[in-house]
Amino acid sequence: MNLTPLADRVIIKPAPAETKTIGGIIIPDTAKEKPLQGEVLAVGQGTKDEAMILKAGDHVLYGKYAGTEVEFDGEKFLIMRQSDVLAIIG
């Protein structure tokens, strides 16, 4: 990946949104719940006040409105501060 986060930021690939059907009705993409978990792809160097705890490959939970959505090479990613991550899964 040619995208490197700076300072205490991380790049996360969100888990795919779950597809749900209600009685045969397919819910459109605009009504799907935004996933609240994903995989850390890259981490910054940290700051003098905050060491990086997260590492590439970690599966994490984050807040519903955390981060900034970016598109790079046709894929969507989230860039957020390490402090916006709520927990590491597993």
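This briefing describes the fold, the main sheet, one buried residue and the confidence of a protein model. The model is predicted. The protein has 90 residues, and its secondary structure consists of 8 strands and 0 helices. Six of these elements matter most for what follows, since an open sheet of 6 strands is formed with antiparallel pairing.

**Overall make-up**

- Read from the N terminus, the elements of the protein run β-β-β-β-β-β-β-β.
- Of the 90 residues, 23% count as buried.
- The exposed area of the protein is about 6,300 Å², and 54% of that area is supplied by carbon and sulfur atoms.
- Taking contacts between residues at least 6 apart in sequence, 62% join residues at least 24 apart.

**The sheet**

- Across the open sheet, the strand order is β6-β7-β1-β4-β5-β8.
- The edges are taken by β6 (68–72) and β8 (85–89); each has a single partner strand, so one side of each is left without a neighbour in the sheet.
- On average, neighbouring strands of this sheet are turned by 45 degrees against each other, with direction ignored.
- Strand β1 (residues 9–14) and β4 run antiparallel and are joined by 5 bridges.
- Lys13 has Glu39, in β4, as its bridge partner.

**Asp58**

- Asp58 lies in the loop between β4 (37–43) and β5 (59–62).
- The relative accessibility of Asp58 is 9%; because buried means under 20%, Asp58 counts as buried.
- The side chain of Asp58 reaches the backbone nitrogen of Lys55 at 3.0 Å.
- Leaving aside residues up to four places away in sequence, Asp58 touches Gly38, Glu39, Val40, Ile53 and Ile88.
- One of these contacts, Glu39, is also the bridge partner of Lys13.

**Confidence**

- The protein has a mean pLDDT of 89, and 86% of its residues reach 70 or more.
- Among the elements, β5 has the highest mean pLDDT, at 98.
- The lowest mean pLDDT among the elements, 62, belongs to strand β2 (residues 21–22).
- Where pLDDT is low, the predicted coordinates should not be read in detail.

How values were computed. Residues are numbered from 1 along each chain as its sequence is written. This is a predicted model: local features need pLDDT of at least 70, side-chain atom pairs count only at pLDDT 80 or more; totals for chains, interfaces and linings use all residues. Side-chain values use heavy atoms; hydrogens and water are left out. Helices (H or I, at least four residues) and strands (E, at least two) are DSSP runs, numbered from the N terminus. Buried means under 20% relative accessible area, exposed over 50%, partly exposed in between (1.4 Å probe, protein chains only). Contact means heavy atoms within 4.5 Å. Accessible areas come from the Shrake-Rupley method with a 1.4 Å probe; for residues, only the protein chains shown count as cover. A polar contact is a pair of N or O atoms within 3.5 Å; within protein, one must be able to donate a hydrogen and the other to accept it, and residues adjacent in sequence count only if both atoms are side-chain atoms. Two strands pair if DSSP finds at least two bridges between them. Axes are lines fitted to C-alpha atoms, for helices over the stretch in contact, and angles run from 0 to 180 degrees between N-to-C directions. pLDDT is the predictor's confidence in each residue, from 0 to 100.
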